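Reader: Please take me through the charged pairs in this model, slowly and one by one. Then show me what the nonpolar side chains do. Keep it brisk.

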Amino acid sequence: MRTILITGPGGSGRTTVAAATALRAAGEGGDTLVLSADRTDTLGAALGAATGPAPARIAPNLTAWRPDAAERFREDLTAFQSRAANVLDLLGASRLDAEEVTPLPGAEELSFLRALRDAALSGRYDLLVVDLPPTPQALALLALPEELRRYLRRLLPPERQAARALRPVLGRLAGVPMPAEWLYETAARWDVELAAVEAVVADRATSVRLVAEPGPSGVDAVRTAALGLALRGLRTETLVANRVLPETASDTWLAGLVAQQRKVLSDWAEPYDVHAVAHLGRDPHGADDLAALAVPRVNPTPTPVEWPVTDRIAEDGVLVWHIPLPGAIRDELDLVRRGDELVITAGRFRRIVPLPSALRRCTVAGAALRDEELRIRFAPDPDLWPRGK
């Protein structure tokens, strides 16, 4: 299944572009699902048909879905109370009714990620178009599965489950209660669910369409978004320049906007694959308006992002890890080695990534930013590196 993640600055028209992208793909014969994270039905307004908490067929080959975070949270809490009934009764706890439950912070994001996982694993669709929140929230959302899995592994290491038969003895020796079996089982279930979401985001068939208006604020937003996405290993496949004014605009103030847009489009042309979408003079509504936008068709074979390790031991005595970071600034880069992980900071973004196996037996020998690519040099550790290599 092909997945396209669509995001951009707030107010850039990303939901409309997502709707138009999904409609075009469905019209070309692919069974398509467009999934939206918006609380309000902006997606339905663009499609000309209401969307809601259940997947609904909007047009031939096109299904739309806007998950209800509150309802999913109520379902999860009800299920938890049922599983923990004995413990709650023992504590004399009063159970919550579904009607009095409101989502906690973070519940909306987790609900949307579960919907993304369910859609990807259903096997019903050829294409999944994901209308993400505005870029800052979208980047935090995409990082969530990886970060939560890391926290779970640190707090409840899976290998400790092997000693569960010894927990009663260890508990008596230590004088403190040992973690209960249900805690590890819950952590394992969460890890599987988060891994499924992470696999969808990291899949080689997943790419990103950035949506932005060609103006001064759009320039900064696009550079920042492209850097944040690159650090997550995602490629900006297409930059959709939205609401582009016609060249024939004759009004004095419109002529100034046209000139400004042309300048930005020219600057974007070199680093990005830019596709201009015309301003219709109104908010697009319905299939005809979405078709008039003429968004680019879906590339069936996207080029995946690679973080290769090259062997320069014979020439320079090092291995080099190549990490593409378009838009990165040298003074805003920072690297910290922590065991078998590398903490990479690029501007406002940070990611902790596991080292490839060969680099775990090396020490960091230096790094450089060249041609929008971070190149980290690793020298083999004589105490760990196999002799003769």
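Author: A salt bridge here is a side-chain nitrogen of Lys or Arg within 4 Å of a carboxyl oxygen of Asp or Glu. The model is predicted, so local features need pLDDT of at least 70 and side-chain atom pairs count only at pLDDT 80 or more, while totals for chains, interfaces and linings use all residues. Residues are numbered from 1 along each chain as its sequence is written, and side-chain values use heavy atoms, without hydrogens and water.

The whole structure holds 23 salt bridges. Start with E193 and R117. Their closest N and O atoms are 3.6 Å apart. E193 sits in helix α8 (residues 181-202) and R117 in helix α5 (residues 107-121), so this pair ties together parts that are 76 residues apart in sequence. Helices (H or I, at least four residues) and strands (E, at least two) are DSSP runs, numbered from the N terminus.

How open are these two partners? Relative accessible area sorts residues: buried is under 20%, exposed is over 50%, and partly exposed lies in between (1.4 Å probe, protein chains only). E193 has 26%, so E193 is partly exposed. R117 has 11%, so R117 is buried.

Next comes R243 with E213. Here the closest N and O atoms are 2.5 Å apart. R243 belongs to strand β7, and E213 to the loop between β6 and α9, so the pair ties together parts 30 residues apart in sequence. R243 is partly exposed, at 25%. E213 is partly exposed too, at 33%.

A third pair is E373 and R375, with 2.8 Å from N to O. R375 is partly exposed at 24%. Salt bridges also form networks: R14, D38 and D131 are linked in one.

R14 leads to the nonpolar side chains. R14 is among the contacts of L132, leaving aside neighbours within four places in sequence. Contact means heavy atoms within 4.5 Å. The others are L5, I6, T7, F112, A138, L141 and L142.

L132 is one of the residues that touch the most other members of the largest nonpolar core, along with W268, W321, I323 and L325. Such a core is a set of buried Ala, Val, Leu, Ile, Met, Phe, Trp, Tyr and Cys residues joined through side-chain atoms within 4.5 Å. This core has 58 residues. Helix α9 (residues 216-231) gives the most to it, with seven residues. A second, separate core has 26 residues, including A22, A26, L43 and V211.

W268 takes us to helix α10, where W268 is buried together with L254, V258, Q261, V264 and L265. These residues cover an arc of only 130 degrees around the axis, which puts them on the same side of α10. The arc is that of the directions from the helix axis to the C-beta atoms. On the other side of α10, T252, K263 and S266 are exposed. The cover over the buried residues includes β6 (206-212), α9, β7 (236-244) and β8 (274-278). So R243's strand, β7, appears in two places: in the salt bridge with E213, and in the cover over α10.

W321 leads to P354, in strand β13 (residues 349-354). Apart from neighbours within four places in sequence, P354 is in contact with W321, D340, E341 and R360. At 51% relative accessibility, P354 is exposed.
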